[in-house]
Protein chains: 2
Amino acid sequence: MKLVDSLIHGRWIVPVVPHGQILENHSIVINSSKIIEIIPTNEVIGRYQAHHETNLKEHLVLPGLINAHTHAAMSLLRGIADDLPLKSWLEKHIWPLEGQFVGEEFVRDGTLLAVSEMILSGTTCYADMYFYPGNSAEVISEAGIRARIGLIISDFTNNYCTNVDEYFTKGLEFVDNYKHHPLISTQFAPHAPYTVSDAPLNRIQVLSTELAIPIQMHIHETVSEVSDAVEATGKRPLQRLEDLGLLTPDLQAVHMTELNAEEIEKLSANGVHIIHCPESNMKLASGTCPVDLLLGSGVNVALGTDGAASNNDLDMLGEMKSAALLGKLAAKDATAVSAMTVLEMATINGARALGMDKEIGSLERGKQADIIAVDMSGIEQQPMYNPISQLVYTSDRTQVTNLWVAGKHLMKDRQLTTLNLSSILENTQEWQQKLKQQDNL
Amino acid sequence: MKLVDSLIHGRWIVPVVPHGQILENHSIVINSSKIIEIIPTNEVIGRYQAHHETNLKEHLVLPGLINAHTHAAMSLLRGIADDLPLKSWLEKHIWPLEGQFVGEEFVRDGTLLAVSEMILSGTTCYADMYFYPGNSAEVISEAGIRARIGLIISDFTNNYCTNVDEYFTKGLEFVDNYKHHPLISTQFAPHAPYTVSDAPLNRIQVLSTELAIPIQMHIHETVSEVSDAVEATGKRPLQRLEDLGLLTPDLQAVHMTELNAEEIEKLSANGVHIIHCPESNMKLASGTCPVDLLLGSGVNVALGTDGAASNNDLDMLGEMKSAALLGKLAAKDATAVSAMTVLEMATINGARALGMDKEIGSLERGKQADIIAVDMSGIEQQPMYNPISQLVYTSDRTQVTNLWVAGKHLMKDRQLTTLNLSSILENTQEWQQKLKQQDNL
């Protein structure tokens, strides 16, 4: 009889690895933040005793969702300027407001709002790209969620940095401060080809290799991004990045709605990871990432919500459904981008993209206990022929009832255990007043 | 001081007509199933007293959603055969199962499942297309929801009808039985151009005019529907329907993913209504209805979920978000198909398509009190810059807390007042066993 930290008993368990496996009436054994094993529930008695037991008789238990691309603090700008094209949305609303308001408080309060929403909707790990990483990190530690902090680098300066060197100085300082943190890891986040010149990109390429730190970048988000670059330089942005030596397995290319066959081949040959943000790409009419073609060429495709300002939520369950529906439509094939495929995109593929698949992304012996439970007893999910199908096509963020990160129970029957929701809502309303007054609508 | 049936006090009221209006802290006065007026809440005292008062301090109050196309009873087949192309989905799974099981019990129990889900997600009126209308009607009367029953006519016969004449006999009998029902109205529902030959279509055209009954039909759902028809007859299906005199304001054309400029012009000139089912069209990879072009040409476009077997839910809030996102992507314009536009598609446009816009579709004096309330206090909806935008892009079916049809309170704080959810779930599980055993997967 072994004493362990926790036992989670699930009606269905989908470990994601192996592909498509559905275990019925199994239990996950957790000790010191890790998964010890997964066994039939009727074999637990006599073998394990636990400090904490959670019975999930009507639930599907699966790996925590990985939101591979977002701008957490931008949740404070959610819905302030909708139904606008990317360019004027950024240039007339988002950038001016950020220019005026982005600071330590904005990032702290915006990240609190975002992290609460993410935990409540089943996200256990997210990759962020924003300013003031130290303030995000404080919130992340307080919340107990897992995060990959993207250190922004851009030719454009703001309150956070007044010149490009400062982005590097502050970024590297952050890397150093957090290199031993159990939940926070780092990567470089050059904003986009059209906002970062060659010199900083060269420096990022060198530092990424030296420090073994990955790179995440918005690439080929729109037709005009590509055509403008071709007009100005004769080169497509992806070609320029290749010439700069950036097309490696350390690169996560976000969006990628503009891709030709040769480029897909190149991404596959170089092991570049793609991060697909279907709802943001649709809402901003940016275009469609050819997910089915990419997967067919062996490219790893992960899933992200993008920031709440262009989505307008951070709901990965909803994003999975959108990815499946858009993937089928784009491929002109209803069998493409199946429910199981989008579940992989939102879990193990995200872990691979971030280079964290030894630790997270599936429920396997020895991996971190990043786990969520979804109540499948809702009327919208009946009849229950296939739990994976019902999870993707009929489930709802509010049906995520429990969430663990590194074995810690961060949401218990819909209640957050580490964050104070009402004070977060109060902060948010104060920001609403300030921002609304200033938005030049 | 006037005594009325009900008063609904809302934080925000969006009547939909006039376009874009948002009333803050207003109240809806309801008497004998109708809206008497909408006035500022602080003017209620002294003017009205009510038998029932509902305070919705954090809610957006709006017209009930109109699901303009579904196959309610098919909810029993939800998720039984996902990620398949339309043809094999229909021919290998759905049709064989229907052939074996569709009957009075199936329709009664399937409709109960569907109507519960619809009420819980904010739908007050739906247009159905299925067999055994009498059994659907019983459930509809019991539930108190509003419905337009589509009387199926097809060359294919089944348990319900063994020959085409029988479809007409039974259909007309139903029309007669229900012509004075307060909540149930009828229309003809020839299944599709490829399943209904000219003779029955001629007869429908004559009867529709004689009896002033509209027609709803699946038209141009896929490329192959159109190309097969051209190959077999040299005519596109829409051309054939025009030759048969069916392109009139009495026709609701469902799907319409294949349309050329000339056809759009023709639909506009003839006042044909379009019913757009974005999630079904995406999930089955059927194609994309050019919503922005249609609206731009003055065509009335309504919204439907299609059956739960190809969606897989009956969630009109989710469908609104999908319609906005897909509409922008298809138009390559982020300003296209705005939040307010999809709200109109899901309310007043649906009422127009069904010829019911004198009665429902907006919150106006004299119209039926078909009303829903959505709780906007969720963390996913903060900050609140624009309630219509947050309703469409961030709200969730579970945030619909209250629903009235003809002034009757059918959902009260998420609780159904006319249906027994647990017995519906039990029935559904029995069907699950039977159907799962037979599905030839």
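User: What do the buried residues of α1(B) pack against?

Analyst: In this predicted model, they pack against α2 (104-120), β6 (123-130) and α15 (421-438) of chain B. Helices (H or I, at least four residues) and strands (E, at least two) are DSSP runs, numbered from the N terminus. Local features need pLDDT of at least 70, and side-chain atom pairs count only at pLDDT 80 or more.

User: What makes B:Trp89 and B:His93 count as buried?

Analyst: Buried means under 20% relative accessible area (1.4 Å probe, protein chains only). Both are listed among the buried residues of α1(B), as is B:Phe101.

User: And what does B:Phe106 touch?

Analyst: Its contacts (heavy atoms within 4.5 Å) include B:Phe101, B:Trp431 and B:Leu435, leaving out residues up to four places away in sequence.

User: Why is the relation between chains A and B called a two-fold axis?

Analyst: Chain B can be laid on chain A by a turn of 180° with a shift of 0.0 Å along the axis, at an RMSD of 0.0 Å. The copies are superposed by least squares on C-alpha atoms of residues with pLDDT of at least 70 in both. That turn and shift are the relation of a two-fold axis. The same surface serves both copies, as 100% of the contact residues of chain B recur in chain A.

User: How do you know that A:Asp313 and B:Lys321 form a salt bridge?

Analyst: The rule asks for a side-chain nitrogen of Lys or Arg within 4 Å of a carboxyl oxygen of Asp or Glu. For A:Asp313 and B:Lys321, the closest N and O atoms are 3.1 Å apart, so the pair qualifies. Across the interface of chain B and chain A, the rule finds ten salt bridges.

How values were computed:
Residues are numbered from 1 along each chain as its sequence is written. Chains are lettered from A and ligands numbered from 1 in the order in which they are written. Side-chain values use heavy atoms; hydrogens and water are left out. Buried means under 20% relative accessible area, exposed over 50%, partly exposed in between (1.4 Å probe, protein chains only).
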